[in-house]
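Me: I have a model open and want to go through a few spots in it. Can you take my questions as they come?

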Amino acid sequence: MSRAKNLPIPPRTDIDALTVAWGAPIDPELVTLALTHRSYANEAGGIANNERLEFLGDAVLSIVIADRLFHDHPDSPESDLSRMRAATVSQEPLAMAARRIELGDFIYLGKGEAGSGGRNKDSILSDTFEAMIGATYLTGGFEIARRVILKNLDFLLVQALSRGSHHDWKTLFVERASQLGLGEVSYEIEGEGPDHDRTFTARAFVSSKQEPIARGKASSKKHAETAAAEAAMNALAEL
């Protein structure tokens, strides 16, 4: 995959070193695609970006972590398993895992993102981490992807029980709303900004009230909902 000559080059391009740290070889075309953020793709004239691989990687990641937690915690109820999974696969922990292998140094970013600290943004790091999983799955299959995921996230899995007690804000919000008799939880999302730098605002509702009880902003719809759920939990804390 050719790179645009007038756009920033990542600080590191030694992909072999990255895949060694990652734990598995990846097809060269796929690893380059996995490292191509939408800001770079748009500024390069609309070339392919890593979002489809991110979608695939997210699905593979979810089943691998769910399976591991199911077997590691045979006495935990579904609600606890859901919290532990969220504490392992949400934006912040995935960004932590990405930093451990210096993934940000390899990402192709547009000029704006590269100049505004994009290589250290949790959203970009976590999305790229998932895209790398998708590329690994397509290259080597499920078992190789599973091994890589567990290798890179083992430090989170050993803390899953304690981290899970407070990380799954959306589940906690649903449970708290039910306890208070506030009805069902829902979200409305609006996006603003150019395609390569979108910001999403999520409004959190309960069916017993017409007005939103909290709002959250992030660079993806999923993370905006999580931010809104956390804000909602803070709003409901004293009820």
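Me: Which residues does UniProt list for "binding site"?

Reply: The unreviewed UniProt entry lists Glu 54, Asp 127 and Glu 130 under "binding site". They are spread over 77 residues of sequence but cluster in space, with a largest C-alpha distance of 6.0 Å. Keep in mind that this is a predicted model.

Me: Which of that set turn up in the lining of the second largest pocket?

Reply: Glu 54 and Asp 127 are part of the lining of the second largest pocket.

Me: Where does Glu 54 lie? And is Glu 54 buried or exposed?

Reply: Glu 54 lies in helix H4. Glu 54 counts as buried because its relative accessibility is 18%, and the cut-off for buried is under 20%.

Me: Back to that pocket. What volume does the second largest pocket have, and how many residues line it?

Reply: The volume of the second largest pocket is about 320 Å³. Its lining has 20 residues, and those nearest the centre are His 37, Arg 38, Asp 127, Ser 219 and Ser 220.

Me: Which elements give two or more residues to the lining?

Reply: Those elements are helix H4 (51-72), helix H8 (122-140), strand S2 (199-206) and helix H12 (221-236). H8 provides the largest share, three residues.

Me: How do the lining residues divide into nonpolar, polar and charged?

Reply: Ten are charged, seven are polar and three are nonpolar.

Me: Which domains does the lining draw on?

Reply: Domain 1 (15-160) and domain 2 (181-238) each supply at least three residues to the lining of the second largest pocket.

Me: Different topic. Where does UniProt place the RNase III domain?

Reply: The unreviewed UniProt entry places the feature "domain: RNase III" at residues 27-141. Over residues 27-141 the chain is 70% helix and 0% strand. The C-alpha atoms at the two ends of that stretch are 12 Å apart.

Me: What about helix H5, how many residues does it have?

Reply: H5 has twelve residues, 78-89. From first C-alpha to last, H5 reaches 16 Å, close to the 16 Å expected at 1.5 Å a residue.

Me: Which residues of H5 are buried?

Reply: The buried residues of H5 are Leu 81, Ser 82, Arg 83, Met 84, Ala 86, Ala 87, Thr 88 and Val 89.

Me: Moving along the chain, where is Arg 99 found?

Reply: Arg 99 is in helix H6 (residues 91-100). Its relative accessible area is 35%, so Arg 99 is partly exposed. Arg 99 and Leu 61 are 38 residues apart in sequence, and their C-alpha atoms are 18 Å apart in space.

Me: And Glu 102, what is its phi?

Reply: Glu 102 has a positive phi of about 55°, although Glu 102 is not a glycine. Glu 102 is found in the loop between H6 and helix H7 (111-115).

Me: Why does Glu 102 count as partly exposed?

Reply: Because its relative accessibility is 41%, and partly exposed runs between the 20% limit for buried and the 50% limit for exposed.

Me: Last one. Where is Pro 11?

Reply: Pro 11 is in the segment before helix H1 (15-22). Pro 11 counts as exposed because its relative accessibility is 55%. The C-alpha atoms of Pro 11 and Arg 119 are separated by 9.9 Å, with their positions 108 residues apart along the chain.

Key: Residues are numbered from 1 along each chain as its sequence is written. This is a predicted model: local features need pLDDT of at least 70, side-chain atom pairs count only at pLDDT 80 or more; totals for chains, interfaces and linings use all residues. Side-chain values use heavy atoms; hydrogens and water are left out. UniProt positions are given in the numbering used here, feature names are shortened, and annotations may be inferred rather than shown by experiment. Helices (H or I, at least four residues) and strands (E, at least two) are DSSP runs, numbered from the N terminus. The expected span of a helix is 1.5 Å times one less than its number of residues. Buried means under 20% relative accessible area, exposed over 50%, partly exposed in between (1.4 Å probe, protein chains only). On a 1 Å grid over the protein atoms alone, a cavity is a set of points where a 1.4 Å probe fits but cannot get out, and a pocket is an open set with protein on both sides within 12 Å along at least five of seven lines; lining residues have an atom within 4 Å of a point. Grid points are joined across faces, edges and corners, and a volume is the space filled by probe spheres set on the points. Ala, Val, Leu, Ile, Met, Phe, Trp, Tyr, Cys and Pro count as nonpolar, Asp, Glu, Lys and Arg as charged, and the others, Gly among them, as polar. Domain bounds come from an automatic or database domain assignment.
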